[in-house]
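Subject: Structure for your review

Dear colleague,

Please find the structure below. I set out afterwards what was found in it, with each term explained where it is used.

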Number of protein chains: 4
Amino acid sequence: MSITLAKAKEIIAAGEKKAAEIGQPMNIAVVDAGGNLISHVRMDGAWLGSIDISIKKAFTARAFDITTKDLGENAQPGQQFYGIHASNDGKIMIFAGGIPLKKDGKVVGAIGVSGGSGVQDHSVAEAGAAAF
Amino acid sequence: MSITLAKAKEIIAAGEKKAAEIGQPMNIAVVDAGGNLISHVRMDGAWLGSIDISIKKAFTARAFDITTKDLGENAQPGQQFYGIHASNDGKIMIFAGGIPLKKDGKVVGAIGVSGGSGVQDHSVAEAGAAAF
Amino acid sequence: MSITLAKAKEIIAAGEKKAAEIGQPMNIAVVDAGGNLISHVRMDGAWLGSIDISIKKAFTARAFDITTKDLGENAQPGQQFYGIHASNDGKIMIFAGGIPLKKDGKVVGAIGVSGGSGVQDHSVAEAGAAAF
Amino acid sequence: MSITLAKAKEIIAAGEKKAAEIGQPMNIAVVDAGGNLISHVRMDGAWLGSIDISIKKAFTARAFDITTKDLGENAQPGQQFYGIHASNDGKIMIFAGGIPLKKDGKVVGAIGVSGGSGVQDHSVAEAGAAAF
């Protein structure tokens, strides 16, 4: 079961809608079951540095089938996954904004959001995920 | 004069339409005047390796204000720009599919397409550019 | 609204003047709205390792429209952006010395300074930014 | 004998003058005896992709104490240095625009120029080198 481009666009549109509501322009990306990018948008005025981060948050959420928020808590100094951000050629993001997309309990992709605070990014990612 | 996300989506939609017509699924990317990604789509069934290439073709077309097809002709062994593909940390693509987007004669962004033959990629990029 | 080379030179000259006053040779860089380098200088005797850092501090300040000093505070272990330094292919600097350059409230570029303590780097960057 | 920042600025200014004369905006960089950047400028309207290339042409010209034009002739397929562009982490440019700067017959730095044809780049680099 793969995520189609049409579905990815719906997910992103839901994220864009939420971002507009909270008044914070975002970068939003969706990856498939292979962790590969299906689609990305940078809303007008969103941070340039967040292009890369949104795509990598999506990758990370699928790579470990976990939200980047949860992974981040386990990746702090002293925690069991501290140092994981150095793996995978720099593609691992350990702060909020990445959420796995599940179908029948199985992870089939992920959404990654970057452009605001951790709380904002996560809430936009949740809005996108809810559209799946 | 910057390219909005709404405009980038129109450009990509025109590219998708052309790709559907020729029956070859594509990756299509649009970058702004700074060479930074605004949006990307991978059509269902398009090559995974072309995600990166489409984004880099768009970057290249803006980086040198030239189609990647024309740049490629000048980047062959013995030509004046041979070796340019080794610059910019691997972001330079020297085969067809990248086209600058111009406004009043000035380059304000670019489209990059990858997923088929050079002729196909270039024709889809042209269709996208025509929508600008 | 773009920063011209002539303007970038003025910004850098103001930074050089401040660096001379405090007796600490610096690397100073200015990037445009797209995060791309406009100009860089390394003052005589300034650290070699700071060439790269000054350019990346400028990039970072534009990438997230924030001073690298402020970003750094949010990028410490346990903070919301911890791990952001692993993004953008190693181009994110999370210590003082990068400041966005604003025109009519909009970020149109940034200055990055490296060569001394965080306090020194930030003060030289401020002097440069003040000339904009 | 090292190149001062003041001297690097003179070299670059001479290059800028030549570029203005031929009507082609350029990126111009000067490196020291260690191959490390002293200063860089991007003239208004010059190619974004040439920022990196100008700096790397200067590095290359110092790294092998040769013009990048001459190195390029020896780096074509079938020639003795073919493949050298893959060395030094992608910092080797093998097309015209880089020229070593000599003092009493000894190479003490280099200039790198990018922004036009190979002939234009080389002529601007020569104008800069002549000011040394």
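The largest pocket has a volume of about 2,200 Å³. A pocket is sought on a 1 Å grid over the protein atoms alone, as an open set of points where a 1.4 Å probe fits, with protein on both sides within 12 Å along at least five of seven lines. Its volume is the space filled by probe spheres set on the points, which are joined across faces, edges and corners.

This is a predicted model, in which local features need pLDDT of at least 70 and side-chain atom pairs count only at pLDDT 80 or more, while totals for chains, interfaces and linings use all residues. Residues are numbered from 1 along each chain as its sequence is written, chains are lettered from A and ligands numbered from 1 in the order in which they are written, and side-chain values use heavy atoms, without hydrogens and water.

The lining of the largest pocket comprises 49 residues, and B:Asp89, B:Lys91, C:Asn88, C:Asp89 and C:Lys91 lie nearest the centre; a lining residue has an atom within 4 Å of a point. By type, 20 are nonpolar, 13 polar and 16 charged. Helix 2 of chain A gives the most to this lining, with 6 residues; helices are DSSP runs (H or I, at least four residues) and strands likewise (E, at least two), numbered from the N terminus.

The second largest pocket holds about 1,200 Å³ of space. Around this pocket are 44 lining residues, with B:Ala33, B:Gly34, C:Ser2, C:Ala33 and C:Gly34 nearest its centre. Strand 4 (106-114) of chain B and strand 4 (106-114) of chain C each give two or more residues to that lining.

How do the chains fit together? Chain C can be laid on chain A with an RMSD of 0.1 Å by a turn of 90° and a shift of 0.2 Å along the axis, the superposition being by least squares on the C-alpha atoms of residues with pLDDT of at least 70 in both. The two copies are therefore related as by a four-fold rotation axis. They use different surfaces, as 16% of the contact residues of chain C recur in chain A. In all, 19 residues of chain C are in contact (heavy atoms within 4.5 Å) with 19 residues of chain A.

Across this interface there is 1 salt bridge, meaning a side-chain nitrogen of Lys or Arg within 4 Å of a carboxyl oxygen of Asp or Glu. C:Asp89 pairs in this way with A:Lys56, the closest N and O atoms being 3.6 Å apart.

Yours sincerely

Notes
Ala, Val, Leu, Ile, Met, Phe, Trp, Tyr, Cys and Pro count as nonpolar, Asp, Glu, Lys and Arg as charged, and the others, Gly among them, as polar.
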